[in-house]
Amino acid sequence: MSARARVAALFFCALVPQMAAAHAALVTAEPVEALRITARYDTGEPMAGAQVTIYAPDDPATAWARGETDAGGRFDLVLPTEPEGAWAVQVRQAGHGAMIHVARGSAEGEAALVVTAGTAVPHLLQRAVMVALVLWGALGTALFFRRGRASGFSGAGPDASA
Amino acid sequence: MHLPDGLLPAGMALAGYAGAAGLVGLSLGRIRRLPDPQAGVPRAAMMTSVFFAASLVAVPVPPTTVHLMLSGLMGVLLGWFAMPAIMVGLFLQAVLFGHGGLTTLGLNGLILGVPALAASALWGGFGRRLPDLAALLAGSGAVIAALAIFAGLVLAGLPPGIDRGAERAALSVFVIAHLPLVLAEGVIVLAVLRILRRVEPRLLPHG
């Protein structure tokens with residue numbers, strides 16, 4: 001056995017125990033894309049300590065994972081790449097709650113995570129217009145039936161004043 | 001206090017629709033038997049719009065805010081008209097503002113409609129002899145009843161795996177936050193009836 005072969009054998013023997021018993025732990029770290037979920041009531045306060053349930057795309061009936069929001073109503077989550085499809089995230093507390101859906105973009109160059117359905121509060125002006133329209137409808141209904149009564153046709157059916 | 005979509009099992013939502021439909025049917029039957037069924041419609045229409053808009057009024061109760069419910073007021077002023085009026089108001093709230101879900105419309109109708117009919121019965125029983133006390137009790141009692149039905153439904157419909165203890169604690173906080181509303185709604189009913197008695201006694205609900 002040459003001197004070089006002896007060194008090689010020694011080197012190999014030194015490696016063997018590690019490979020066989022796997023005593024060493026290897027810890028690596030890599031940045032991944034996480035999802036931050038923020039849950040609020042429509043009055044603006046955060047839903048603190050609310051229960052979060054995540055459903056996988058292939059099984060929307062059983063919870064894939066559970067968690068709880070922090071004091072600011074936030075919950076951070078890393079979704080696996082498999083299975084593909086829309087993940088559902090439900091936040092609930094004391095009988096209130098909502099659900100959003102998140103999908104992982106499949107095409108290259110597409111944003112990795114796409115929130116496909118969330119909830120939003122309508123604009124203040126929009127709300128005011130909607131309230132005004134409902135009030136107008138109610139006022140119209142009230143006047144319609146009052147007019148029918150005033151002209152002496154009360155009890156003659158809904159089209160009495162038409 | 002509106003149940004949203006997706007929190008309760010589908011069976012409960014269906015049962016809620018069945019129960020609410022039954023109550024609406026009963027109410028419409030009673031309305032038809034009134035001497036002049038159309039006489040109550042203008043008032044019901046105006047109260048529906050008040051009920052609809054009231055849920056947008058947030059009353060700050062630290063650390064949270066609560067919405068006016070007006071279930072007792074609807075019951076006292078409308079009688080049997082309260083149930084259909086509440087269903088119309090809840091439908092508009094769900095569709096326009098997302099307050100409460102469409103699948104849970106029946107359950108929400110029961111949460112607010114049953115207390116309203118109870119308040120109406122209470123007013124019918126004591127309204128003539130003890131108007132002030134009956135008004136206060138109708139307004140406050142309706143909120144308590146609605147809270148109890150809401151909490152009962154939420155606890156009954158918890159899916160397995162949800163932390164029951166945490167949910168019960170959150171519900172307790174929710175109920176305690178609504179205690180000022182119990183008083184406030186009683187005072188609202190009392191005030192409305194007193195004003196009506198002084199200004200326009202003909203508008204007072206018979207009872």
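**Aromatic pairs**

Over all chains, the structure contains 4 aromatic pairs. The model is a predicted one, and the tour opens with two of these pairs in chain A.

Select A:W64 and A:W87. Their ring centres lie 4.8 Å apart and their planes meet at 75°, so the pair is edge-to-face. A:W64 sits in the loop between β2 (51-55) and β3 (65-68) of chain A, while A:W87 belongs to strand β5 of chain A, so the pair ties together parts that are 23 residues apart in sequence. With the surface displayed, compare the two partners: A:W64 counts as partly exposed at 40% relative accessibility, whereas A:W87 is buried at 2%.

Next, select A:F144 and A:F145. Here the ring centres are 5.2 Å apart and the planes are again at 75°, so this pair is also edge-to-face. A:F144 is partly exposed, with a relative accessible area of 34%; A:F145 counts as buried at 15%, because the limit for that class is under 20%.

**Salt bridges in chain A**

The structure holds 4 salt bridges over all chains. Select A:R36 and A:D76, which form one of them, with the closest N and O atoms 2.7 Å apart. This pair links distant parts of the chain: A:R36 is in strand β1 (residues 35-38) and A:D76 is in strand β4 (residues 74-77), 40 residues apart. Which class of exposure does A:R36 fall into? A:R36 is exposed, because its relative accessible area of 52% lies over the limit of 50%. Its partner A:D76, with a relative accessible area of 43%, is partly exposed.

Move to A:R74 and A:D70. Their side chains meet in a salt bridge with an N to O distance of 3.6 Å. Both residues are partly exposed: A:R74 has a relative accessibility of 35%, and A:D70 has 34%.

**A helix-to-helix link in chain B**

Change to chain B and select B:R197 with B:D132. A salt bridge joins their side chains at 3.6 Å, N to O. B:R197 lies in helix α8 (residues 179-199) and B:D132 in helix α6 (residues 131-156), so the pair ties together parts that are 65 residues apart in sequence. B:R197 is partly exposed, with a relative accessible area of 33%, and B:D132 is partly exposed as well, with 26%. Add B:R194 to the selection: salt bridges that share partners join B:D132, B:R194 and B:R197 into one network.

**Two positive phi angles**

The next stops concern the backbone. Most residues other than glycine have a negative phi. Select A:A94, which has a positive phi of about 50° although it is not a glycine. A:A94 is found in the loop between β5 (86-93) and β6 (96-104) of chain A. Is A:A94 buried or exposed? A:A94 is buried, with a relative accessible area of 3%.

In chain B, select B:L70. Its phi is near 65°, a positive value in a residue other than glycine. B:L70 is placed in the loop between β2 (64-67) and α3 (71-78) of chain B, and it counts as buried at 6% relative accessibility.

**Where chain B meets chain A**

Finally, display both chains and select the residues in contact. The contact takes 39 residues from chain B and 30 residues from chain A. The size of an interface is often given as the accessible area lost when the parts come together. Between chain B and chain A, the buried area is about 2,800 Å², and carbon and sulfur atoms give 62% of it.

How many salt bridges are counted between chain B and chain A? The count is 0. Polar contacts, in turn, number 6 residue pairs between chain B and chain A, with both residues at pLDDT 80 or more.

To view the side of chain B that touches chain A, select α2 (41-54), β2, α4 (82-97), α6 and α7 (164-177) of chain B; each supplies at least two residues of that side. Highlight α2(B) among these elements, since the largest share, 7 residues, comes from it. Colouring this side of chain B by residue class gives 27 nonpolar, 9 polar and 3 charged residues.

Terms used:
Residues numbered from 1 in each chain as written. Chains lettered and ligands numbered in written order. Predicted model: local features only at pLDDT ≥ 70, side-chain atom pairs only at ≥ 80, totals over all residues. Heavy atoms only, no water. Helix = DSSP H or I, 4+ residues; strand = E, 2+ residues; numbered from the N terminus. Buried < 20%, exposed > 50% of the residue type's maximum accessible area, 1.4 Å probe, protein only. Phe/Tyr/Trp six-rings, centres within 6.5 Å; stacked < 30°, edge-to-face > 60°. Contact = heavy atoms within 4.5 Å. Buried area = accessible area lost by both parts, 1.4 Å probe. Polar contact = N/O pair within 3.5 Å; in protein donor to acceptor, adjacent residues only side chain to side chain. Nonpolar A, V, L, I, M, F, W, Y, C, P; charged D, E, K, R; others polar.
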